[in-house]
Amino acid sequence: MSEITLHPDRLFPTDPSIRSVARSLYQEVADLPIVSPHGHVDPALLVDDEPFPDPANLLVVPDHYVTRLLHAHGVSFDRLGVPPGSANGADPRAIWRTFCEHWWAFRGTPSRYWLEAELVEVFGIRTPPSAENADILYDQLAARLASDDCRPRALFERFGIEVLATTDDPCDDLSPHRALAEDADFKGRVIPTFRPDAYLNPMRADWADRIAKLGEVSGQDTSSYAGYIAALEQRRAYFKANGGTATDHGADDAGSESLSEADATRIFAATLAGTAAGEEQVAFRRHMLSEMARMACDDGLVMQLHPCVLRDHHTSTFETFGRDVGGDLPVAAEYTRALRPLLNRYGTHPNFRIVLFTTDEDVFGREIAPLAGFYPSVFVGAPWWFTDTPDAIIRFREAVTDTAGFHKTAGFVDDTRAYCSIPARHDMARRLDCSYLARLVTEHRLPEDEALDTARDLAYRLPAETFRVA
Amino acid sequence: MSEITLHPDRLFPTDPSIRSVARSLYQEVADLPIVSPHGHVDPALLVDDEPFPDPANLLVVPDHYVTRLLHAHGVSFDRLGVPPGSANGADPRAIWRTFCEHWWAFRGTPSRYWLEAELVEVFGIRTPPSAENADILYDQLAARLASDDCRPRALFERFGIEVLATTDDPCDDLSPHRALAEDADFKGRVIPTFRPDAYLNPMRADWADRIAKLGEVSGQDTSSYAGYIAALEQRRAYFKANGGTATDHGADDAGSESLSEADATRIFAATLAGTAAGEEQVAFRRHMLSEMARMACDDGLVMQLHPCVLRDHHTSTFETFGRDVGGDLPVAAEYTRALRPLLNRYGTHPNFRIVLFTTDEDVFGREIAPLAGFYPSVFVGAPWWFTDTPDAIIRFREAVTDTAGFHKTAGFVDDTRAYCSIPARHDMARRLDCSYLARLVTEHRLPEDEALDTARDLAYRLPAETFRVA
Amino acid sequence: MSEITLHPDRLFPTDPSIRSVARSLYQEVADLPIVSPHGHVDPALLVDDEPFPDPANLLVVPDHYVTRLLHAHGVSFDRLGVPPGSANGADPRAIWRTFCEHWWAFRGTPSRYWLEAELVEVFGIRTPPSAENADILYDQLAARLASDDCRPRALFERFGIEVLATTDDPCDDLSPHRALAEDADFKGRVIPTFRPDAYLNPMRADWADRIAKLGEVSGQDTSSYAGYIAALEQRRAYFKANGGTATDHGADDAGSESLSEADATRIFAATLAGTAAGEEQVAFRRHMLSEMARMACDDGLVMQLHPCVLRDHHTSTFETFGRDVGGDLPVAAEYTRALRPLLNRYGTHPNFRIVLFTTDEDVFGREIAPLAGFYPSVFVGAPWWFTDTPDAIIRFREAVTDTAGFHKTAGFVDDTRAYCSIPARHDMARRLDCSYLARLVTEHRLPEDEALDTARDLAYRLPAETFRVA
């Protein structure tokens with residue numbers, strides 16, 4: 001196999017005219033700072049600033065994009081150290097070897113694209129992984145990881161990250177965020193995101209425990225619905241006081257019908273008492289989505305919504321290996337009807353903002369762009385998770401620009417647990433946005449000066465402004 | 001910003017080989033007459049032939065593609081003179097200024113494409129709108145509008161319109177159409193389209209009033225179901241006698257299950273009496289879609305169907321500003337099952353024809369093309385409304401040609417309220433159809449002589465023949 | 001019209017760089033043997049090895065892709081000899097003439113592409129069909145059909161077919177397959193596929209008769225559920241003993257919820273007694289899909305699933321002309337939820353394999369690729385039926401590669417009744433896969449050596465291995 005070459009024109013369209021414009025647009029945005037308003041990096045990583053443990057536990061184990069495809073090729077999670085941190089006895093070197101033996105399986109996938117970029121740009125390694133060189137690569141990477149310039153903080157600086165948002169439990173005390181903010185040696189900005197799903201869905205088995213915990217942490221009496229609402233408001237304020245600018249919401253669907261105060265109070269009590277019916281609990285969850293919107297009008301936290309993923313599809317995998325191991329699968333999404341109650345109440349509120357994400361590409365053009373092209377509060381979220389890929393990002397622009405233009409899209413989010421892939425992911429999005437813009441230029445649909453202005457907006461200004469981190 | 005340049009190769013693919021073929025195909029169809037079988041221009045405009053009032057009320061206020069995106073960027077409809085004709089006190093010059101200040105918001109949208117074409121080709125203006133030049137542009141446009149060659153009839157001729165279909169209420173007396181037909185000074189053909197939605201949906205609050213009105217206008221006793229049917233048949237005949245060749249139908253869904261005569265009679269009476277249940281009324285609406293098909297077999301009016309749009313999504317906007325201000329939003333569409341009852345009855349009737357439109361692109365390839373590729377009566381409607389855009393028109397051809405070929409597609413419809421955008425819209429469609437055909441040529445899938453023949457069919461022959469205006 | 005030219009670069013992208021890479025990849029796979037693991041050729045054709053009867057009954061009558069589009073242009077099936085073998089009195093020469101008169105209707109369709117390839121490559125004819133030359137062409141083709149090198153076995157060899165799978169009724173005695181296997185003069189491999197739909201769906205009118213027949217053929221007592229299950233297992237074993245490697249399943253939906261043994265037994269008996277409720281029968285059909293998966297874990301036959309097509313949409317066409325005449329129409333598909341019960345039971349079984357096909361392109365990226373990117377047993381089926389077309393095959397790769405890579409796709413299947421189109425169909429898929437890979441190469445997303453390796457896998461290794469015919 002040939003060496004990994006990160007060609008300077010990679011991802012640009014092949015046509016020489018389009019490529020030429022894409023390249024010149026890209027040169028102007030390639031080095032803009034990274035604003036990462038949605039991701040899953042553990043902030044403790046930056047507090048501790050310890051060297052990464054080993055190649056497998058850096059690049060394979062925590063990245064469910066990688067482990068799920070290995071699993072699909074018959075590698076059991078046992079052999080991959082999944083779930084991360086489980087210390088299930090799998091030897092890192094053996095994990096790495098298994099990964100290298102399956103390098104062919106990643107051809108054409110964004111995982112391969114990111115991994116190649118990480119190997120070359122972060123670690124200076126140009127050898128494509130294979131069964132033959134797995135051990136050599138492991139040793140080379142391990143040596144690099146031991147050096148100070150590969151520690152998390154050094155990389156943060158090298159990556160050019162201006163803002164990094166994490167995703168956090170409402171009961172989290174955010175001490176890592178505070179520690180980083182107070183640390184004069186750390187210049188970066190790491191902000192929390194309020195992710196209350198587990199507290200808004202009374203069907204979860206651990207709901208009562210969580211509500212009790214919420215009461216403790218907030219100092220509110222969460223045995224009543226009113227106290228529960230007050231506790232959530234208190235925690236949102238706490239997140240905001242600690243730098244948070246946004247909340248994040250996943251759910252089985254985007255339903256948002258409000259309940260009356262009386263009904264909400266009744267279902268809340270019935271759930272704690274163990275007597276609530278399933279459909280009531282669904283109604284309560286939907287009601288709480290609207291409640292989050294109501295609170296957002298007050299506190300200005302930007303709502304992020306990404307519904308319609310069926311979690312933990314394979315029950316025995318979930319029972320053995322837990323959540324977030326690749327068993328979450330998209331289902332057909334519906335936003336127009338589901339969000340109507342919420343948007344009828346808050347859609348034109350001057351303080352309200354909601355960013356809609358999806359894993360069902362169909363709704364980009366059919367529903368999300370039309371919603372964002374009408375409601376001042378609605379923004380189109382970047383293609384994300386299964387659709388954070390070269391071809392899908394182009395399809396995204398092709399699907400939404402007609403109806404929503406560029407300036408109702410929220411900018412790229414990397415949504416990653418793989419810290420070292422952050423620059424490659426943002427770079428990929430910038431290259432593709434420039435490619436799309438370049439085609440508009442060469443098809444005489446947009447002058448190059450406006451394309452350049454737009455490329456800058458997409459790369460930096462829009463994520464910063466949309467997520468209120470500017 | 002650079003001057004607006006309407007590049008002669010605009011919208012053609014960048015690849016030089018494809019572009020070269022596209023250009024030569026386009027040259028053969030660019031000047032063919034415009035057949036506009038579906039639109040929303042007010043025919044009184046051509047009867048009165050008055051100068052257009054001012055730039056804002058010509059280009060901004062009546063175009064909900066434009067006002068909805070301004071609204072999405074936080075401009076309230078109050079400041080935009082919405083709804084058109086409301087005389088809500090907004091100063092036209094101020095409206096125009098607001099529009100110019102937001103010119104950047106339209107980058108990449110078809111609205112921008114059409115507006116640029118109108119500015120240059122209709123009014124000879126090449127300055128891109130901006131906050132700085134808004135007043136100058138306003139004055140320039142106002143001066144142009146005052147000249148005789150910018151009056152509606154002069155433009156009709158300049159635009160090369162051969163047939164213009166309007167959309168009309170069944171109770172309309174069609175006097176503008178008659179006046180134009182009888183006017184020896186006006187050479188154009190302006191024909192009505194029978195749009196009975198409001199009379200077929202008993203759930204509408206104003207239904208009883210409309211049915212009474214229908215009785216008056218038709219001279220039938222519409223207090224009974226039989227009289228109601230007779231009245232609709234009479235009005236269809238009246239439209240046909242006044243040049244109409246088609247009917248137009250929107251609805252929440254494409255359901256078409258027939259009721260028995262007895263059930264239809266009963267639900268009709270119950271609705272007038274205010275005692276009908278909601279689901280009965282839905283069943284009645286679906287039954288009436290099939291009734292329209294039955295009548296179409298008799299009178300040969302071409303049925304146009306575009307279901308599955310949720311109207312007036314934001315209730316307070318509807319209450320304040322009325323219908324058709326940008327709050328209609330697509331939902332997932334379904335045709336195969338919904339139209340089965342109708343097509344089982346009339347789908348192979350030699351006189352029947354139905355053109356299926358959609359705002360849900362998914363159904364083009366999955367349902368509409370397969371239906372049109374089997375039933376002699378079914379034709380594929382052009383991409384329309386949210387999908388009447390450069391990229392979506394190409395996707396449309398890519399989605400339907402495989403299964404339905406070119407000759408079961410109905411030709412372009414502009415569907416516009418923006419009179420001055422008509423030539424730009426048809427020109428856009430011709431450029432894109434030629435672009436698609438050119439790719440087939442350069443990929444050696446279609447010889448150039450057949451591509452040219454097809455381009456002519458798409459631009460002129462198919463809309464004329466499909467809508468029976470040839 | 002110009003002569004039919006099968007340009008050597010046909011279907012390759014126009015851009016010279018991409019085309020150049022596509023061409024060199026294609027050259028390496030063009031002549032690989034054909035593995036056809038899913039199709040509808042009658043094996044008796046090869047046993048008898050008689051000359052084909054006439055051009056119409058070879059190229060028009062049995063190909064419902066062709067006859068449905070003629071029907072859509074107003075040609076009644078009566079005039080087309082439909083259904084095949086009906087000897088409905090239509091003169092083959094008249095059928096052929098009707099077809100030639102409508103040659104324009106096939107512009108841009110894959111049927112035209114295949115027919116051109118057949119005319120040129122199989123029969124050496126380069127004249128495009130037209131009203132004028134229909135009779136001449138008929139005579140030329142008839143003369144060619146009479147020659148020995150156009151008999152089925154000679155073509156089998158000329159086509160380079162290594163394996164041809166047929167689709168067969170579970171009660172079929174597979175004597176043609178045995179005859180071919182035992183015939184020392186025939187070197188090809190023709191294997192049966194177990195297609196039990198009619199036996200798994202108790203709602204079918206002929207179900208009881210079929211179950212009785214199944215009992216006779218299998219020697220099991222199919223008056224009881226246990227005997228019915230045993231009979232199906234026996235027939236699967238019989239197919240496997242006669243070379244079968246796969247089963248094939250269509251259904252209204254992909255539902256797979258298992259019933260208890262008691263419920264299954266009860267519904268089975270109630271259906272035979274004529275007392276089962278409709279929803280019970282649906283539940284039974286879904287249960288039987290899971291039963292097929294259970295048996296597949298035991299016997300290793302590869303499951304093929306292609307649900308969500310509404311069969312026989314136009315009832316009077318079905319009543320007059322029967323099944324499979326073009327009236328089967330896609331509906332929106334759902335796999336993630338529907339297959340969850342089946343995959344929860346068998347999805348990680350080491351012996352289990354299921355290939356998911358669809359006519360709803362939306363689910364490729366949204367559901368099938370994510371399922372195949374997680375479950376070791378799930379493979380992505382090739383675009384098929386309505387989507388076995390140049391543009392759709394490219395869209396397929398663009399939709400699934402990101403999530404599932406190349407090596408969880410199953411390779412091309414031709415799914416055809418049109419024997420002479422087999423090489424053209426496989427050739428088309430190879431050209432398009434090479435085109436997609438070539439773009440990855442020129443966009444610097446995959447080195448050319450790996451692209452070539454992948455092209456070979458897609459053309460030959462993956463279909464052979466996935467369907468266990470290697």
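Q: How many salt bridges does the rule find across the interface of chain C and chain B, and what makes a pair of residues count as one?
A: Seven salt bridges are found across the interface of chain C and chain B. The term requires a side-chain nitrogen of Lys or Arg within 4 Å of a carboxyl oxygen of Asp or Glu. This is a predicted model, in which local features need pLDDT of at least 70 and side-chain atom pairs count only at pLDDT 80 or more, while totals for chains, interfaces and linings use all residues; side-chain values use heavy atoms, with hydrogens and water left out. Residues are numbered from 1 along each chain as its sequence is written, and chains are lettered from A and ligands numbered from 1 in the order in which they are written.

Q: Why is the pair C:Arg107 and B:Asp453 called a salt bridge?
A: The side chains of C:Arg107 and B:Asp453 come to 3.1 Å, N to O. An Arg nitrogen and an Asp oxygen at 3.1 Å satisfy the rule, and the pair is therefore a salt bridge.

Q: What makes a residue pair across the interface of chain C and chain B a polar contact, and how many such pairs are there?
A: A polar contact needs a pair of N or O atoms within 3.5 Å; within protein, one atom must be able to donate a hydrogen and the other to accept it, and residues adjacent in sequence count only if both atoms are side-chain atoms. Across the interface of chain C and chain B, 25 residue pairs meet this rule, both residues being at pLDDT 80 or more. On the side of chain C that touches chain B, the elements giving two or more residues include helix H1 (16-29), helix H6 (110-122) and strand S8 (329-330) of chain C. Such elements are DSSP runs numbered from the N terminus, helices (H or I) of at least four residues and strands (E) of at least two.

Q: How do you know which residues of chain A and chain B belong to their interface?
A: Contact means heavy atoms within 4.5 Å. By that criterion 44 residues of chain A are in contact with 50 residues of chain B. Among the residues of chain A, A:Arg366, A:Phe374 and A:His444 supply 20% of the area that chain A buries against chain B, more than any other three residues.

Q: What makes an area count as buried between chain A and chain B, and what is its value?
A: Buried area is the accessible area (1.4 Å probe) that two parts lose on being put together, summed over both. For chain A and chain B the value is about 3,800 Å², with carbon and sulfur atoms giving 51%.

Q: How do you know that A:Glu450 and B:Arg112 form a salt bridge?
A: Their closest N and O atoms are 2.7 Å apart, and the pair joins an Arg to a Glu. It is counted for that reason, because the distance falls within the cut-off. The side of chain A that touches chain B has 15 nonpolar, twelve polar and 17 charged residues. In this classification Ala, Val, Leu, Ile, Met, Phe, Trp, Tyr, Cys and Pro are nonpolar, Asp, Glu, Lys and Arg are charged, and the others, Gly among them, are polar.

Q: What makes the salt bridge of A:Arg107 and C:Glu450 one between chains?
A: A:Arg107 and C:Glu450 have their closest N and O atoms 3.1 Å apart. The pair runs from A:Arg107, in the loop between helix H5 (92-101) and H6 of chain A, to C:Glu450, in helix H20 (residues 448-466) of chain C. Over all chains the count comes to 132 salt bridges.

Q: How do you know how chain C and chain B are related?
A: A rotation of 120° with 0.0 Å of shift along its axis superposes chain C on chain B, at an RMSD of 0.0 Å. The two copies are thus related as by a three-fold rotation axis. Copies are superposed by least squares on the C-alpha atoms of residues with pLDDT of at least 70 in both. Of the residues of chain C, C:Asp15 comes closest to the rotation axis, its C-alpha lying at 3.7 Å. The copies use different surfaces, for 4% of the contact residues of chain C recur in chain B.

Q: What makes up domain 1 and domain 2 of chain A, and how do they meet?
A: An automatic or database domain assignment supplies the bounds, giving domain 1 (51-150) and domain 2 (153-466). Their contact takes 23 residues from domain 1 of chain A and 27 residues from domain 2 of chain A. The two domains bury about 2,100 Å² between them, 65% of it on carbon and sulfur atoms. Zero salt bridges are found across this interface, and five residue pairs are in polar contact, both at pLDDT 80 or more. Helix H4 (64-72) and helix H6 (110-122) of chain A each supply at least two residues of the side of domain 1 that touches domain 2. H6(A) gives the most to that side, with seven residues.
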